[in-house]
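Reader: Hi! I am new to looking at proteins, and I would love a close look at one helix and its surroundings. Could you take me through it step by step?

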Amino acid sequence: MLYQAYQTYADMMQPACSLADITATLIDAFQRIAPRADQSESLRTLRAGCEVLALARLTHYRPPFGIDSVRINGAAVPVVEEVVTRTPFCSLLRFRREGMPQQPRVLLVAPMSGHFATLLRGTVETMLRDHDVYITDWHNPRDIPLVFGRFGFDEFVQHLITFLHALGGNTHLVAVCQPTVAALAAVSLMAEDNDPMQPPSLTLMAGPIDARVNPTKVNELATSRPIEWFENTLIGYVPLRFAGGLRRVYPGFVQLVAFMSMNRERHEQALRDLYDLRARGEHDKADAIQSFYTEYFATMDLTAEFYLETVSLVFQRFLLAQGLLDVGGRRVTTAAIRRTALLTVEGERDDICAIGQTMAAQDLCASLRPYMRMHHIQTGVGHYGVFNGKRWESQVYPLVRDTIHMSDDMRA
């Protein structure tokens with residue numbers, strides 16, 4: 001009933017939100033062709049109210065990445081987005097830079113945690129300066145028919161191995177947040193098999209490798225109740241009207257509400273700021289807030305099996321950290337990693353994955369020589385600042401880039 005109740009509310013709000021969106025768009029267009037219209041306080045106030053109302057709805061389709069070009073050495077280089085391979089649950093996207101020479105190939109593993117891969121748009125744009133970038137573009141389970149079967153933690157890991165094989169070897173792996181666990185498991189299995197496609201480097205950023213360390217509110221919630229509570233309380237069925245009808249999912253809107261409740265005052269203030277800035281005619285600042293929430297309110301569901309297995313394996317039983325994780329019936333042995341350089345990155349103010357949780361990978365990869373391991377704590381940033389924003393670009397990214405290029409040199 002959880003999903004059906006949400007969908008009923010969303011359907012009731014849709015006409016009002018759509019009308020508000022259309023009105024705000026028309027006012028914006030009028031102000032652009034008639035600049036003097038922007039001097040009308042009543043018109044600015046109407047637009048501000050309409051934009052805030054329009055943001056009251058969630059969307060369930062991936063927004064466009066919108067990366068048409070990237071500046072390299074001061075010149076704009078065209079970028080073409082293309083699908084390399086596809087499964088029912090994910091598309092492997094490439095951002096092909098036209099006319100650029102061969103540079104290190106990177107597979108960026110996006111989180112499957114209620115938002116689309118476009119949450120890493122800024123990460124992609126930065127990495128395109130020096131790399132051939134691919135990303136896991138996870139599909140919304142509510143659009144995936146039941147005939148395609150389950151998608152759990154094991155299938156997530158297998159997707160990463162399959163994509164590394166599809167890219168043909170010498171592909172660096174960069175995982176952000178929740179998929180750091182699956183990425184480390186995938187590389188461990190490949191290392192144990194002496195797989196020639198195992199990545200030269202593995203970068204893990206702000207992920208729960210060992211969620212026992214400095215537990216956050218997210219970690220405490222996961223351990224406060226048995227897994228049966230999560231299944232009985234938070235899992236719903238996709239309504240029949242969608243392609244994935246009757247698929248059991250952890251709805252994206254539930255995850256969004258959980259994230260927003262952690263910083264409710266900050267989000268409320270941001271929306272008030274959007275209204276005030278737009279009403280005062282400070283459109284550049286208002287545009288930045290609106291752009292963020294348009295992306296933030298684009299939500300995707302998680303399959304029930306993936307969500308429940310992640311909560312159980314990663315946040316309740318801590319199996320990878322204890323050397324007890326099995327994937328596809330095989331024990332994951334992180335000590336098998338010997339040829340893949342490791343970089344772990346954490347944010348000083350991260351309230352989702354606290355300091356020490358990602359660094360735990362350093363001890364787990366005990367067979368790596370010291371010069372192949374590096375850890376970095378980025379001061380002054382929270383969770384998203386690790387992989388987005390000014391400090392990511394100026395301080396974290398250079399370390400990621402250098403690790404990748406150094407690993408390439410060692411393999412040459």
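Author: Happy to help; here is a walk around helix α11, followed by some of the strands and the chain as a whole.

Before we start, please keep in mind that this is a predicted model, where local features need pLDDT of at least 70, side-chain atom pairs count only at pLDDT 80 or more, and totals for chains, interfaces and linings use all residues. Residues are numbered from 1 along each chain as its sequence is written, and side-chain values use heavy atoms, with hydrogens and water left out.

Let's begin with the helix. Helices (H or I, at least four residues) and strands (E, at least two) are DSSP runs, numbered from the N terminus. Helix α11 covers residues 304-316, and 11 of its 13 residues are buried. Buried means under 20% relative accessible area, exposed means over 50%, and partly exposed lies in between (1.4 Å probe, protein chains only). The buried residues are Ala304, Glu305, Phe306, Tyr307, Leu308, Thr310, Val311, Ser312, Leu313, Val314 and Phe315. A helpful rule to remember: an α-helix has 3.6 residues a turn, so residues three or four places apart point the same way.

What do the buried residues of α11 pack against? Their partners are the helices α4 (153-166), α5 (180-192), α6 (217-224) and α7 (227-234), together with the strands β9 (248-250) and β10 (302-303). Just after α11, Phe318 takes a positive phi of about 55 degrees.

Two of those partners, β9 and β10, belong to an open sheet of 3 strands with the order β8-β9-β10 and antiparallel pairing. Its edge strands are β8 (236-237) and β10, each of which pairs on one side only. Two strands pair if DSSP finds at least two bridges between them, and β8 and β9 are joined in the antiparallel sense by 2 bridges. Tyr237 stands opposite Arg248 of β9.

Another partner, α6, leads us to a loop. Asn214 sits in the loop between β7 (201-205) and α6. Asn214 counts as partly exposed because its relative accessibility is 46%. Contact means heavy atoms within 4.5 Å; leaving aside neighbours within four places in sequence, Asn214 is in contact with Asn219, Ala354, Ile355 and Gln357. Asn214 and Ala354 are 140 residues apart in sequence, yet their C-alpha atoms are 6.0 Å apart in space.

From β7 we can step across to β6 (residues 171-176), where 6 of 6 residues are buried. In a regular strand the side chains alternate between the two faces of the sheet. In β6, Thr171, Leu173 and Ala175 point one way, while His172, Val174 and Val176 point the other way. β6 pairs with β7 in the parallel sense over 4 bridges, with Leu202 in β7 as the bridge partner of Leu173. Strand β4 (residues 105-109) also runs parallel to β6, joined by 5 bridges, and Arg105 has Thr171 of β6 as its bridge partner.

Finally, let's zoom out. The chain has 13 helices and 14 strands, and 54% of its 412 residues are buried. Among contacts between residues at least 6 apart in sequence, 78% join residues at least 24 apart. The C-alpha atoms fill a box of roughly 65 × 55 × 40 Å along the principal axes.
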